[in-house]
Amino acid sequence: MSEYLTTRELADLLRIGERKAYDLASSGEVPCVRAMGKLLFPRVEVIAWLNASRSGPQVAEPPLPPIVAGSHDPLLDWALRESGSGLATYYDGSFDGLSRLGARTAQAAALHIHEEHGFNTQSLRDALGEAPVVLYEVSRRERGLLLAPGVSDIAGFDDLKARRVVLRQNSAASQRLFDAQLEAHGMTRDDLETLPACARTEEELAVALHDSKADAGFGLGALAGLYGLGFVPTHTERLDLAIWRRAYFDPPMQKLLRFMQSDRFAQRSAEFGGYDLAQMGSVHHNGASG
């Protein structure tokens with residue numbers, strides 16, 4: 001599902017003609033962006049715009065599915081299982097998580113989007129405005145170049161040229177950051193020897209390197225020791241859970257959040273390495289609208 005609607009797709013969604021869709025964009029009535037002379041409409045913002053335009057009696061919203069979407073994190077994934085929360089997972093990257101959160105096909109999404117002045121907050125606002133979503137910090141964690149066993153001649157992004165590299169999917173925040181780093185070092189993906197298939201999770205990336213299918217990948221330091229990989233740290237990032245406020249207080253989510261405050265969670269974090277829990281539980285955004 002694309003993050004952006006075309007004019008025709010918007011018209012189909014609203015059951016209007018394309019001319020009317022253009023008029024809505026020209027008058028500023030519907031959220032839109034212009035790129036390369038083309039009008040595009042952010043899907044989650046259009047849905048939020050439609051919800052804000054609702055009139056008539058208020059009816060109870062349907063229950064949110066017990067799903068945590070977004071980015072894969074091995075520590076959070078372990079906690080979801082060990083806590084007995086009953087929450088299911090659908091990991092396909094931070095940006096996919098934002099889309100699912102906006103479409104209400106998930107009640108929470110794990111995010112680690114690097115922004116000019118921080119992490120996640122502006123991306124959440126851009127996608128959902130001031131919707132009643134809580135941005136809850138899970139941890140700070142180390143990211144960098146994971147190296148396959150025996151690879152010792154890669155010390156930074158400049159050394160990746162012509163090397164075998166495993167990539168993530170485009171909806172993963174780590175892949176967008178990696179592409180930006182390549183550009184900053186005068187490269188593109190075409191300068192690498194990339195695997196035909198991307199790694200859908202952090203763990204898939206680590207397994208591919210452990211099996212020496214590639215020389216390097218842009219992944220989490222927490223997985224280096226577990227899979228016997230080298231690690232060149234390049235970034236520290238903040239991992240947050242964006243949670244619909246009405247799900248935040250439900251028993252499954254509360255069970256998970258309580259478990260994350262436990263000694264077992266702290267011990268597991270130390271065993272992984274590469275995590276900093278000092279500010280866990282900080283709320284970085286609390287949407288106002290209900």
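**Exercise 1. Two rings and their surroundings**

Decide whether Tyr275 is buried or exposed in this predicted model, and describe how its ring sits against the ring of Phe272.

Solution.
Step 1. Tyr275 has a relative accessible area of 13%. Buried means under 20%, so Tyr275 is buried.
Step 2. The same cut-off is applied to Phe272: its relative accessibility is 14%, and it therefore counts as buried.
Step 3. The ring centres of Phe272 and Tyr275 are 6.2 Å apart. Ring centres within 6.5 Å make a pair.
Step 4. The two ring planes stand at 70°. Planes over 60 degrees apart count as edge-to-face, so the pair of Phe272 and Tyr275 is edge-to-face.
Step 5. By this rule the model has seven aromatic pairs. Elsewhere, ring pairs join Tyr136, Tyr248 and Phe249 into a cluster.

**Exercise 2. Helix 4 against helix 12**

Describe how helix 4 and helix 12 pack, and place Ser269 in that picture.

Solution.
Step 1. Two packed helices are described by the angle between their axes and by the distance between those axes.
Step 2. For helix 4 (residues 74-82) and helix 12, the angle is about 145° and the axes are 10 Å apart.
Step 3. The crossing of helix 4 with helix 12 is right-handed.
Step 4. Helix 4 contributes Pro74, Leu75, Trp78, Ala79 and Glu82 to the contact, and helix 12 contributes Arg264, Phe265, Arg268, Ser269 and Phe272.
Step 5. Sorted by class, the contact of helix 4 with helix 12 holds six nonpolar residues, one polar residue and three charged residues.
Step 6. Ser269 belongs to helix 12, which spans residues 263-272. With a relative accessible area of 5%, Ser269 is buried.
Step 7. With neighbours within four places in sequence set aside, Ser269 touches Leu75, Tyr275 and Leu277.

**Exercise 3. Two partners for helix 1**

Find the angles that helix 1 makes with helix 3 and with helix 2, and classify each.

Solution.
Step 1. Helix 1 (residues 7-14) and helix 3 (residues 43-52) pack at about 30°, and their axes are 12 Å apart. Because angles under 35 degrees count as roughly parallel, helix 1 is roughly parallel to helix 3.
Step 2. The crossing of helix 1 and helix 3 is right-handed.
Step 3. Leu10, Leu13 and Leu14 of helix 1 make this contact with Val46, Trp49 and Leu50 of helix 3. By class, the contact of helix 1 with helix 3 has six nonpolar, no polar and no charged residues.
Step 4. With helix 2 (residues 18-26), the axis of helix 1 comes within 9 Å and crosses at roughly 105°. The range 65 to 115 counts as roughly perpendicular, so helix 1 is roughly perpendicular to helix 2.
Step 5. On the helix 1 side, Thr7, Arg8, Leu10, Ala11 and Leu14 take part; they meet Glu18, Ala21, Tyr22 and Leu24 of helix 2.
Step 6. The contact of helix 1 with helix 2 divides into six nonpolar, one polar and two charged residues.

**Exercise 4. Positive phi**

State where Arg15 and Ala162 lie, and whether each is buried or exposed.

Solution.
Step 1. Arg15 is not a glycine, yet its phi is positive, at about 60°. Arg15 lies in the loop between helix 1 and helix 2.
Step 2. Exposed means over 50%; at 77% relative accessibility, Arg15 counts as exposed.
Step 3. Ala162 also has a positive phi, near 70°. Ala162 is in the loop between strand 9 and strand 10 (164-166).
Step 4. Ala162 has 57% relative accessibility and so counts as exposed.

**Exercise 5. Two arginines**

Which residues that are distant in sequence does Arg140 contact, and which does Arg200 contact?

Solution.
Step 1. Arg140 is in strand 9 (residues 133-147). At 21% relative accessibility, Arg140 counts as partly exposed.
Step 2. Arg140 and Gly274 are 134 residues apart in sequence, while their C-alpha atoms are 8.3 Å apart.
Step 3. Beyond four places in sequence, Arg140 contacts Thr236, Glu237, Arg238, Gly274, Tyr275, Asp276, Gln279 and His284.
Step 4. Arg200 sits in the loop between strand 11 (193-194) and helix 8 (202-210). Its relative accessibility is 35%, so Arg200 counts as partly exposed.
Step 5. Beyond four places in sequence, Arg200 contacts Tyr91, Asp92, Arg168 and Gln169.

Technical notes:
Residues numbered from 1 in each chain as written. Predicted model: local features only at pLDDT ≥ 70, side-chain atom pairs only at ≥ 80, totals over all residues. Heavy atoms only, no water. Axes fitted to C-alpha atoms, helices over the stretch in contact; angles between N-to-C directions. Helix = DSSP H or I, 4+ residues; strand = E, 2+ residues; numbered from the N terminus. Parallel < 35°, antiparallel > 145°, perpendicular 65-115°, else oblique. Left-handed = near helix turned anticlockwise from the far one by under 90°. Contact = heavy atoms within 4.5 Å. Nonpolar A, V, L, I, M, F, W, Y, C, P; charged D, E, K, R; others polar. Phe/Tyr/Trp six-rings, centres within 6.5 Å; stacked < 30°, edge-to-face > 60°. Buried < 20%, exposed > 50% of the residue type's maximum accessible area, 1.4 Å probe, protein only.
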